Amino acid sequence: MNNYIPGEFITIDEMLHPFRGRCGFVQYMPQKPPKYGIKIYALCDSRTYYTWNLEIYCGHQRDGPFQTSNKPFDIVRRLVDPLKNSKRNLTTDNYYTSYPLADYLLQNGLTLIGTIKKNKKVIPSEFLPNKARIVGSSLFGFQDEINLVSYVPKKNKAVIILSSVDDKGEVDEATNKPTIILDYNRTKSGVDTVDQKCATYTTQRTTRRWPLAIFFRILDVTGINAEIGFNNTKPTEESPRRRKFLNELGVSLMEHHMAERAKIITLPGTCNKAKW
């Protein structure tokens, strides 16, 4: 966390590390490829996909020092706490987005762009899906520093976005979409990209122990972060392929241990080969 400064756009979403062993907080998420696993809330840089902060979902804990709230508002509050008053923008999906969250972030020097569930009371009826609305039309609402945008991509459908970014209701001429929706589409996929990268090259091995499964995911995320940090420190050089970089990273981490093992002197009359 102290070795990387995230960019102006960050995003919060869930990762799902595949796991089917005995664990009291295994989650079923049908929209994720693994379906079953350990859920991890992550805060990532939307441009570089650097995982800057994360929190493992452990279910409902008993009363005591380890009990924490799993409400979306509290999850976001804990993850962005080190970034208060940094003037960054947070992108979220409809699980996290709410008017109280946008107001809280504004008071702490952060802005918000996120889709919002259509059953929220803050949404006027005119912004909801309606057969009478024209496909490709947009509707804007402004209240203080928080804005609401409703866009119709298909007949009887509506995408509603809550934003605290200074927006004047501009529409992109090329796509006929509100610019705030284009900003959302450009910055929403940080965590999903990290999840995909972890699945492509992973250290995961078959295990029934959930602490070891979490350790494998931390190794995968650390490898991605290490590659991002390496590429940022050498911008003029050609970046190695990710597979080659991970191989070289693994060898470099083992070099010290291999050198120590090479110093071990075998006693006379003994064999240093393992017996099977």
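1. C198 counts as buried, with a relative accessibility of 2%. The model is a predicted one, and the remarks below should be read with that in mind. The closest cysteine sulfur to that of C198 belongs to C44, at 9.1 Å. C198 and C44 are therefore not bonded, since that distance is too far for a bond.

2. The cysteines can be taken together here. A disulfide is a covalent bond between the sulfur atoms of two cysteines. With the cut-off set at 2.5 Å between sulfur atoms, the structure has 0 disulfides. C23 is one of the cysteines outside any disulfide, and its nearest cysteine sulfur, in C58, lies 7.9 Å away. Because the cut-off is 2.5 Å, the sulfurs of C23 and C58, at 7.9 Å, do not qualify. C23 has a relative accessible area of 18% and is buried; since buried means under 20%, this value falls within that class.

3. On the surface, D103, D144, E145 and D166 make up a negative patch. Of its members, D144 sits in the loop that runs between β7 (138-143) and β8 (146-151). D144 is exposed, its relative accessible area being 73%.

4. D144 deserves a second look for its backbone. Its phi is near 55 degrees, which is positive, and the residue is not a glycine. This value belongs to a residue in the loop between β7 and β8, and one that counts as exposed at 73% relative accessibility.

5. Y49 is also a non-glycine residue with a positive phi, here about 70 degrees. Y49 is placed in the loop between β3 (36-45) and β4 (51-56). The side of the question that concerns exposure is answered by a relative accessible area of 24%, which makes Y49 partly exposed.

6. The salt bridges number 9 in the structure. One of them joins D74 to R77, with 3.4 Å between the closest N and O atoms. The two residues both belong to helix α1 (residues 72-80) and are 3 residues apart, so about one helical turn separates them. D74 is buried, at 14% relative accessible area, whereas R77 is partly exposed at 32%.

7. A salt bridge also forms between the side chains of D183 and R186, with an N to O distance of 2.9 Å. Here the helix is α3 (residues 179-187); because D183 and R186 are 3 residues apart in it, they too are separated by about one helical turn. D183 is partly exposed, with 22% relative accessibility.

8. R242 and E227 form a salt bridge through their side chains, at 3.7 Å from N to O. This pair links distant parts of the chain, with R242 in helix α6 (residues 242-262) and E227 in helix α5 (residues 210-233), 15 residues apart. R242 is buried, its relative accessible area being 14%. E227 is buried as well, at 10%.

9. Some salt bridges share partners, and through them K32, D192, D195 and R217 are joined into one network.

Methods
Residues are numbered from 1 along each chain as its sequence is written. This is a predicted model: local features need pLDDT of at least 70, side-chain atom pairs count only at pLDDT 80 or more; totals for chains, interfaces and linings use all residues. Side-chain values use heavy atoms; hydrogens and water are left out. Buried means under 20% relative accessible area, exposed over 50%, partly exposed in between (1.4 Å probe, protein chains only). Patches are made of residues with over 30% relative accessible area and no salt bridge: like charges are joined within 9 Å, nonpolar side chains (Val, Leu, Ile, Met, Phe, Trp, Tyr) within 5 Å. Accessible areas come from the Shrake-Rupley method with a 1.4 Å probe; for residues, only the protein chains shown count as cover. A salt bridge is a side-chain nitrogen of Lys or Arg within 4 Å of a carboxyl oxygen of Asp or Glu. Lys and Arg count as positive and Asp and Glu as negative; His and the chain ends are not counted. The place of a charge is taken as NZ of Lys, CZ of Arg, CG of Asp or CD of Glu. Helices (H or I, at least four residues) and strands (E, at least two) are DSSP runs, numbered from the N terminus.
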